[in-house]
Amino acid sequence: MKELSAAAITRELKTRRIGREVLYYPSLSSTMDTARETALKGLQEGTVVIAGEQTGGRGRLKRTWLAPEGNIALSIILHPEIKTLPYLIMIASLAVAQSIESVSGVKAEIKWPNDVLIGGRKAGGILIENEVRGNKVAFSIVGIGINIDLRAADYAEIADTATSLKKESRKDDLRIKIVRSLLEEFERLYLLLPDGKPIFEAWRERLVTLGKKVKAQSGNQIIEGIAEAVDDGGALMIRGENGRLTRVVAGDVTLREK
Ligand code: BTN
């Protein structure tokens with residue numbers, strides 16, 4: 001396995017803003033916390049905090065996120081305009097899916113809103129934390145986790161639902177290449193803002209969720225039906241058996257059919 005380091009990432013990185021500053025730590029509790037401390041010091045937009053291993057990683061909906069050594073756990077510090085916030089999850093999930101495909105050749109899909117799947121199993125996840133003051137975003141932290149060499153079978157809680165890129169592609173040494181490709185793809189999409197239309201369309205195109213029978217959990221509410229559409233803010237529209245359309249802004253979706 002190739003060693004991660006800031007120099008190894010930036011040496012061949014073709015970006016202007018994202019990842020020009022990389023802060024590498026061999027071990028962190030969560031890159032989200034370190035990125036937040038870094039952002040509060042006012043470092044430049046695009047700074048990346050990356051950990052060799054993450055020991056207290058968190059996921060969406062207060063879940064834990066496993067990222068032992070050999071996987072990707074990073075956070076990108078951004079200073080976006082408030083009206084562009086809905087596009088960040090689309091940019092991040094597209095960048096993860098596209099970097100997986102271009103580096104490993106394995107097909108990746110996005111499950112609404114931002115889980116990246118390979119063969120129906122989760123290989124990547126995104127967590128975004130925003131610091132909004134008044135009507136301005138002081139900073140956003142986009143956290144990205146990708147299972148490169150995670151032996152999902154060793155962890156009962158994810159054994160049936162997760163996979164890793166090493167398992168799916170049978171290739172080694174993907175980590176640094178995916179990190180670089182991810183940052184380059186992220187920048188390409190991020191620089192399209194404030195025009196979110198091409199980002200939204202590319203994300204919708206890649207969603208595996210649309211047209212499927214789904215069960216969505218949003219807070220205490222369970223919504224079952226056909227995932228009919230997404231609106232341009234990213235919300236999922238589910239048509240129930242009674243014909244009613246429900247708009248789901250945040251939550252978790254289970255696909256009821258492949
Ligand atoms: C999810 O699918 O629930 C989101 C997972 C996000 C995990 C990443 S790993 C890097 C960053 N640091 C964290 O503690 N979480 C995010």
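Let's start with two strands in this predicted model: β9, covering residues 221-230, pairs with β10, covering residues 236-239, and the two run antiparallel over four bridges. To spot one of these contacts yourself, find Ala227, whose bridge partner in β10 is Ile238.

Now zoom out a bit. β9 and β10 both belong to an open sheet of five strands, and its order is β11-β10-β9-β8-β12, with antiparallel pairing. Which strands stand at the edges? They are β11 (245-248) and β12 (252-255); each has a single partner strand, so one side of each is left without a neighbour in the sheet. The sheet isn't flat like paper, either: neighbouring strands are turned by 45° against each other on average, if you ignore direction.

Next, have a look at β5, β6 and β7. Strand β6 (residues 121-133) pairs with β5 (residues 115-118) in the antiparallel sense over three bridges. β6 is also joined to β7 (residues 136-146), again running antiparallel, by 10 bridges. Here is one residue pair from each pairing:

| Strands | Residue | Stands opposite or bridges to |
|---|---|---|
| β5 and β6 | Leu117 | Lys122 in β6 |
| β6 and β7 | Ile128 | Val142 in β7 |

What about the turns? β5 and β6 make a hairpin with two residues between the strands, and there Gly119 takes a positive phi near 55°. β6 and β7 form a hairpin too, with two residues between them, and Gly134 in that turn has a positive phi of about 65°. So when you trace the chain through this part, look for a glycine with positive phi at Gly119 and again at Gly134.

Methods. Residues numbered from 1 in each chain as written. Predicted model: local features only at pLDDT ≥ 70, side-chain atom pairs only at ≥ 80, totals over all residues. Heavy atoms only, no water. Pairing = 2+ DSSP bridges. Axes fitted to C-alpha atoms, helices over the stretch in contact; angles between N-to-C directions.
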